[in-house]
Amino acid sequence: MSSTPALRWVSSTYSDGQGGECIQWAPEHALATGEFLVRDSKNPSGPHLTLSSNGFTGLVEFAKNCA
């Protein structure tokens, strides 16, 4: 029986750095599966979004334009 390894979550470089508005993503999971998992860092045990490559790119572009 194999166990699923824990995901390594990485904070966005566009986060505010104050512990407020921050999203995290799981880069190794994206590399292995093509699915981009995104979550709210304030609620790590809560739900996450599963985005396509295009969806993740759109989210990053949105974050750049809001900064």
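How many helices and strands are there in the protein chain? Colour this predicted model by secondary structure, and two helices and four strands appear. Follow the chain along its sequence and the elements come in the pattern β-β-α-β-β-α.

Next, keep the whole chain selected and show its surface. The protein chain has 67 residues, and 21% of them count as buried. About 5000 Å² is exposed, with carbon and sulfur atoms supplying 57% of that area. Among contacts in the protein chain with a separation of 6 or more, 14% are between residues 24 or more positions apart.

Now select residues 36–40, which make up strand β3, and pick out R39 within that strand. Is R39 buried or exposed? R39 is buried, and it has no salt bridge. To check the charge partner, select D40: this is the nearest side chain of opposite charge, and it lies 8.1 Å from R39. A salt bridge requires a side-chain nitrogen of Lys or Arg within 4 Å of a carboxyl oxygen of Asp or Glu.

Which side chain joins that of R39 in a polar contact of 2.8 Å? Select Q24 to see the partner: the two side chains are joined at that distance. Then turn on the backbone atoms of P44, since the side chain of R39 also reaches the backbone oxygen of P44, at 3.1 Å.

Finally, show the surroundings of R39. Leaving aside residues up to four places away in sequence, R39 touches W9, C22, I23, Q24, P44, P47 and H48. Two of these have already been visited: Q24, through its side chain, and P44, through its backbone oxygen.

Key: Residues numbered from 1 in each chain as written. Predicted model: local features only at pLDDT ≥ 70, side-chain atom pairs only at ≥ 80, totals over all residues. Heavy atoms only, no water. Buried < 20%, exposed > 50% of the residue type's maximum accessible area, 1.4 Å probe, protein only. Contact = heavy atoms within 4.5 Å. Areas by Shrake-Rupley, 256 points an atom, 1.4 Å probe, with all protein chains shown as cover. Lys, Arg positive; Asp, Glu negative; His and termini not counted. Polar contact = N/O pair within 3.5 Å; in protein donor to acceptor, adjacent residues only side chain to side chain.
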